[in-house]
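Work through the following exercises with the sequence and the 3D view side by side. Each task is followed by a solution that goes step by step.

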Amino acid sequence: MTSKLQPLDHDIIKWFKLEYRRCVLQLIIAGIDDRTNASEVATKITVAYAEEWSKSVWRGLDSGLVVKCFSSCGMTNSAIEKQMSLFNETKTVDEIV
């Protein structure tokens with residue numbers, strides 16, 4: 001039921017997880033190129049890496065995906081515009097921090 005009512009449950013979380021995993025795999029592949037074991041590289045992932053990847057992925061989120069997700073929940077255009085302005089404010093705050 002929540003997937004019908006909560007826009008993030010539609011595609012945004014799925015997209016975020018896929019992009020985050022891409023960042024993790026890029027690090028592991030780069031470590032393997034240095035002849036290091038993949039599991040050894042994975043243990044070197046720090047909170048700083050996770051934070052930077054999360055910020056990067058969030059900044060790369062396409063507003064079209066957000067609009068699509070909110071529309072699929074039955075939100076009106078005015079409600080979507082309000083949510084998009086809040087979304088853009090959040091992205092701006094994250095860039096400052």
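**Exercise 1.** In this predicted model, decide whether Arg-22 counts as buried, partly exposed or exposed, and then describe the salt bridge that Arg-22 forms.

*Solution.* Begin with accessibility: Arg-22 has a relative accessibility of 39% and therefore counts as partly exposed, since that class lies between the limits of 20% and 50%. Next, look for the partner, which is Glu-19, with the closest N and O atoms of the salt bridge 3.0 Å apart. Glu-19, at 22% relative accessibility, counts as partly exposed. Finally, place the pair in the chain: Glu-19 and Arg-22 are three residues apart in helix H2, so about one helical turn separates them.

**Exercise 2.** Find how many salt bridges the structure holds, and state where in the chain Lys-68 and Asp-11 lie.

*Solution.* The count comes to three salt bridges, and the pair of Glu-19 and Arg-22 is one of them. Another joins the side chains of Lys-55 and Glu-51, at 3.6 Å from N to O; these residues are four apart in helix H4, so they too are separated by about one helical turn. Lys-55 is partly exposed at 25% relative accessibility, and Glu-51 is partly exposed at 45%. Turn then to Lys-68 and Asp-11, whose side chains meet in a salt bridge at 2.9 Å from N to O. This pair links distant parts of the chain, for Lys-68 lies in helix H5 and Asp-11 in the loop between helix H1 (2–5) and H2, 57 residues apart. Lys-68 has a relative accessible area of 47% and is partly exposed, while Asp-11, at 26%, is partly exposed.

**Exercise 3.** Which residues form one aromatic cluster, and how are the rings of Tyr-20 and Trp-53 arranged?

*Solution.* The cluster consists of Tyr-20, Tyr-49 and Trp-53, and the count of aromatic pairs comes to two. For Tyr-20 and Trp-53, the ring centres are 5.7 Å apart and the planes stand at 80°, so the pair is edge-to-face. Tyr-20 belongs to helix H2 (residues 12–33) and Trp-53 to helix H4 (residues 47–59), so this pair ties together parts that are 33 residues apart in sequence. Tyr-49 and Trp-53, by contrast, form a stacked pair, with 5.4 Å from centre to centre and 20° between the planes. Both of these residues lie in helix H4, four residues apart, which is about one turn of the helix. As for accessibility, Tyr-20 is partly exposed at 22% and Tyr-49 is partly exposed at 36%, whereas Trp-53, at 11%, counts as buried.

**Exercise 4.** Identify the residues of the largest nonpolar core, and work out which helix gives the most to this core.

*Solution.* The largest nonpolar core has nine residues, namely Ile-12, Leu-61, Leu-65, Val-66, Cys-69, Phe-70, Ile-80, Met-84 and Phe-87. The elements that give two or more residues to this core are helix H5 (63–72) and helix H6 (77–96), and H5 gives the most, with four residues. To follow one member further, take Met-84, which, leaving aside its neighbours within four places in sequence, is in contact with Ser-63, Val-66 and Val-67. Apart from this core lies another of six residues, among them Cys-23, Ile-28, Trp-53 and Val-57. Trp-53 thus appears in this other core as well as in the aromatic cluster.

Conventions:
Residues numbered from 1 in each chain as written. Predicted model: local features only at pLDDT ≥ 70, side-chain atom pairs only at ≥ 80, totals over all residues. Heavy atoms only, no water. Core = buried A, V, L, I, M, F, W, Y, C linked by side-chain atoms within 4.5 Å. Buried < 20%, exposed > 50% of the residue type's maximum accessible area, 1.4 Å probe, protein only. Contact = heavy atoms within 4.5 Å. Phe/Tyr/Trp six-rings, centres within 6.5 Å; stacked < 30°, edge-to-face > 60°. Salt bridge = Lys/Arg side-chain N within 4 Å of Asp/Glu carboxyl O.
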